[in-house]
Amino acid sequence: METQILVNGLLIGGVYGIAALGLGLVWGVMSVVNVAHGDLLIFLAYMTWVLVVVESLSPFLALVLLIPAGFIIGYFLYQLLVRHLIHRSEVELMSLVLFFGLSAIVYGFGAYLWGSDFRSLPIPLPTFSLLGVVLPGTRVAAFFIGGGLVLGLRWFFRKTFWGKAIRAVAQSRDAARALGIDPDRVSAVAFGIALAYAGVAGALIAMISPLSPSLGVAYVGRSFAVVVLGGLGNPVGTLVAGIVLGLTEGLSSLWITFGLSPAVAFVLLIAVLILRPQGLFKPVRSR
Amino acid sequence: MRTAPPEVILERRDPIRLLNTGLIVLAVVAAGFLALQPGIPGASLVFWFNLMKAIVLAMSLNLITGYTGYVDFGHVVFFGLGTYVAGIAIGMLGVAVPVPLWVFVGPLLIALIAVVVGMPALRLRGAYFAIAMLSFNAATRLVILNLPSDFAGGAFGIPSPEIYDPRTAYYGMVGLLVAIILVTVWLAGSRFGVGLKAIRDDEGAAGVMGVRTTQYKLTAFAVSAYFAAAAGSVDYWFVAFTSNELVFNNVVTVEMVAAVFLGGAGTVIGPVLGASTLYLVRDFLWVRFPFLYLPMFGAVIAGVVLFMPRGIVGFVEDHVPSLRARIK
């Protein structure tokens, strides 16, 4: 029983990790806390549902299609909204409130379009068992897709020009500008990448759990806890923190009660903020 | 360089004093109007009650978010707990305390909870505090859902048909509205209020200047939570029912945040203007496009941040300078 819970926690933790990546990326690069992240994730998860159930595509094809879709949404969110705030002195507070408004918009439209009933996809991969542990194929695939993309982001940050440009802007917008990098363009791309990752995460969430619009709040709380635990803009730290959260939720549903497991993220968040506010891992941007 | 003679400074303070008196008179007149309202045929009690509730909730959020600068995305939790402190005592435990007394005393317990939560939470700043509160609301809702149902009603909520008396409860809300207006007017001109604004502008500097920041923040948070909780308790008295699906709803927080920022955070009159405007628009939209009203509230928040960051009050201040002293 314990082994099964730990395996489930590990597998879902991979999804929590990739779900939180976009939040951490935007926060780390432009000091903007996207409170709408959870609702955007669930909106993109619903898009997966539309592509799979209504348009009868394969869920994995839907996942691939959501990458550019997420990128475009993120790119234009930056160009249309965030760009106007980023130079104001109180950007952190104002963007917080702005994205709170955006989360109401996204949630409201989601609830309008898809109602509040649970919706789920047909399970794409069979379940198998190994050494007495049940392994749902979809969750295993989700874990490996999530983990692979996290390592991909790490490579992107270290080796590519755009990755380095994003890190430069995260360190100092002015210095980046002095070196000929347009911080607005780089930030828009970073926002796009964040939402492309949210698209993948949304597709994975749709594959592993039934959807309802109210999941957005649960996911923004989880993502926030994961980012704080894993360190801002540190992809591998974020993945590990996601797994820590998944395991903690699993164990708490075993030891306390299943109904309370979404509250675990909150307790973990408060505990980390008080005991180890710098997170478990080194952030990419050091202030 | 000439410095202004002292009497000029005194004179300049006068309009503010006049204004405060004016606001109090306004509050009394409004209270009188609202108190007469149930007697006017054709007027809907529910309409005026909910308008007052929206104003009280916005003003309560304004105390911690507007004056102190701590954006709270879970403020509805105190409203919800307020309905439950009334529901559990009256509907579940049958405590022999008069309802009109308990709806004002019970929320003191919630203010106490706010102090306990505030001690760790108010050490966080900005987004950390906002999202900690958002999660606190979600967690509280789950805890109440999972409490024994003969104590907190579980998923069915707590009805108390025997206390149903909307006419009397209506006056409870009138009293609460007057109380929070008086508290805010006092606060805006007091040393305590200046201390809170100093914390909002620069907490470190405020501390160095001798503001006891922790104590100030906790007090503001507790008062803010008290009024939100009392609005919840009076609401329980008014509808004689609560359920955690309804009262821990983030939509209510969205409405509060929209009202505070639309009107002007950190002003006395701002949240009143914001909440009233949005209430009228919502009442109009709710009938025609029930699903659009949440996106509309979101759009109001986003639009205010982008185009009118200091709300209606700031907008008027910038464009009608002669009114500057009168609306602060």
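In this tour a residue is called buried if 20 or more other C-beta atoms lie within 10 Å of its own, exposed if 12 or fewer do, and partly exposed in between. Keep in mind throughout that the model is a predicted one.

Begin by selecting A:Gln79, which belongs to helix α3 of chain A. With 16 other C-beta atoms within 10 Å, a count that falls between the two cut-offs, A:Gln79 is therefore partly exposed. If you then add A:Leu102 to the selection, 23 residues away along the chain, the two C-alpha atoms are found to be separated by 15 Å.

Next, widen the selection to the whole of α3(A), residues 59-80, a helix of 22 residues whose first and last C-alpha atoms are 31 Å apart, close to the 32 Å expected at 1.5 Å a residue. Where along α3(A) should one look for a kink? Centre the view on A:Leu66, where the helix bends by about 25°, shortly before the proline A:Pro68. A:Leu66 is also one of the buried residues of α3(A), a list that includes A:Pro59, A:Ala62 and A:Leu63 as well as A:Phe71, A:Tyr75 and A:Tyr78. To see part of what covers these buried residues, show α2 (37-54) and α8 (183-208) of chain A.

Move on to helices α5 (residues 137-159) and α6 (residues 161-171) of chain A, whose axes come within 5 Å and cross at roughly 80°. Because of this crossing angle, α5(A) counts as roughly perpendicular to α6(A). By class, the contact between α5(A) and α6(A) has 3 nonpolar, 1 polar and 3 charged residues. To display that contact, select A:Phe156, A:Phe157, A:Arg158 and A:Lys159 in α5(A), together with A:Gly163, A:Ile166 and A:Arg167 in α6(A), which they meet.

Now bring both chains into view and turn to the contact between them, which takes 33 residues from chain A and 34 residues from chain B. On the side of chain A that touches chain B, the elements giving two or more residues are α4 (91-114), α9 (215-230) and α11 (264-275). Select α4(A) before the others, since the largest share of that side, 15 residues, comes from this helix. Colouring the side of chain A by class would show 26 nonpolar, 6 polar and 1 charged residues.

Finish with chain B displayed alone, where the secondary structure comes to 16 helices and 2 strands. Of its 328 residues, 50% count as buried. Among the contacts in chain B with a separation of 6 or more, 78% are between residues 24 or more positions apart.

Key. Residues numbered from 1 in each chain as written. Chains lettered and ligands numbered in written order. Predicted model: local features only at pLDDT ≥ 70, side-chain atom pairs only at ≥ 80, totals over all residues. Helix = DSSP H or I, 4+ residues; strand = E, 2+ residues; numbered from the N terminus. Expected span 1.5 Å × (residues − 1). Bend = angle between axes of the 7 residues up to and from the residue. Contact = placed C-beta atoms within 7 Å. Axes fitted to C-alpha atoms, helices over the stretch in contact; angles between N-to-C directions. Parallel < 35°, antiparallel > 145°, perpendicular 65-115°, else oblique. Nonpolar A, V, L, I, M, F, W, Y, C, P; charged D, E, K, R; others polar.
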